[in-house]
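User: I would like to go through a structure step by step, with a reason given for each answer. Please show it first.

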Amino acid sequence: MYNKIVEYAANTLGISADEIDRDTTFKSLGLDSLDIVEMIEDLENELDVEINLENQDITTIGELADYIEDQLN
């Protein structure tokens, strides 16, 4: 899951995946709340899973990957 999210973020932002690690924050990538919503919608469609971050404090790529993996299990 982590690799899928890194790939998505790198492709969307036009940066190298090497610039992203588990502790990379969405803010450090220049993603605003709308960008994050769009990313979540794309991931939901690709993975056929519902991702509800309303009550979650997820700020990093690694936290998002862990959360999605939990939802899939």
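Analyst: A polar contact is a pair of N or O atoms within 3.5 Å. The model shown here is predicted.

User: Which backbone nitrogen does the side chain of Thr60 reach?

Analyst: Thr60 sits in the loop between H2 and H3. A polar contact needs a pair of N or O atoms within 3.5 Å. The side chain of Thr60 comes to 3.0 Å from such a partner, the backbone nitrogen of Glu63.

User: Is Thr60 buried or exposed?

Analyst: Residues under 20% relative accessible area count as buried, and those over 50% as exposed. Thr60 has a relative accessibility of 10%, so Thr60 is buried.

User: Which residues is Thr60 in contact with, leaving aside its neighbours within four places in sequence?

Analyst: Contact means heavy atoms within 4.5 Å. With those neighbours left aside, the contacts of Thr60 are Arg22, Asp23, Thr24, Thr25 and Phe26.

User: Is Asn73 buried or exposed?

Analyst: Asn73 belongs to the segment after helix H3, which covers 61-72. The relative accessible area of Asn73 is 78%. The cut-off for exposed is over 50%. Asn73 is therefore exposed.

User: Which backbone oxygen lies 3.1 Å from a polar atom of the side chain of Asn73?

Analyst: Asn73 and Leu47 are 26 residues apart along the chain, and their C-alpha atoms are separated by 13 Å. The 3.1 Å distance involves another residue: the polar side-chain atom of Asn73 lies that far from the backbone oxygen of Glu69.

User: How are H1 and H2 placed relative to each other?

Analyst: Two packed helices are described by the angle between their axes and the distance between the axes. For H1 (residues 2-13) and H2 (residues 33-47), the axes come within 11 Å and cross at roughly 130°. The crossing is right-handed. At that angle H1 and H2 are therefore oblique.

User: How many charged residues does the contact of H1 with H2 have?

Analyst: From H1, the residues Lys4, Ile5 and Tyr8 meet Glu38, Met39, Asp42, Leu43, Glu46 and Leu47 of H2. By class, this contact has five nonpolar residues and no polar ones, and the charged residues number four.

User: How many nonpolar residues does the contact of H1 with H3 have?

Analyst: H1 and H3 pack at about 130° with their axes 9 Å apart. Tyr2, Ile5 and Val6 of H1 make the contact with Ile61, Leu64, Ala65, Ile68 and Glu69 of H3. By class there is one charged residue and no polar one, and the number of nonpolar residues is seven.

Methods:
Residues are numbered from 1 along each chain as its sequence is written. This is a predicted model: local features need pLDDT of at least 70, side-chain atom pairs count only at pLDDT 80 or more; totals for chains, interfaces and linings use all residues. Side-chain values use heavy atoms; hydrogens and water are left out. Helices (H or I, at least four residues) and strands (E, at least two) are DSSP runs, numbered from the N terminus. Buried means under 20% relative accessible area, exposed over 50%, partly exposed in between (1.4 Å probe, protein chains only). A polar contact is a pair of N or O atoms within 3.5 Å; within protein, one must be able to donate a hydrogen and the other to accept it, and residues adjacent in sequence count only if both atoms are side-chain atoms. Axes are lines fitted to C-alpha atoms, for helices over the stretch in contact, and angles run from 0 to 180 degrees between N-to-C directions. Angles under 35 degrees count as roughly parallel, over 145 as roughly antiparallel, 65 to 115 as roughly perpendicular and the rest as oblique. A crossing is left-handed if the near helix is turned anticlockwise from the far one by less than a right angle, and right-handed if clockwise. Ala, Val, Leu, Ile, Met, Phe, Trp, Tyr, Cys and Pro count as nonpolar, Asp, Glu, Lys and Arg as charged, and the others, Gly among them, as polar.
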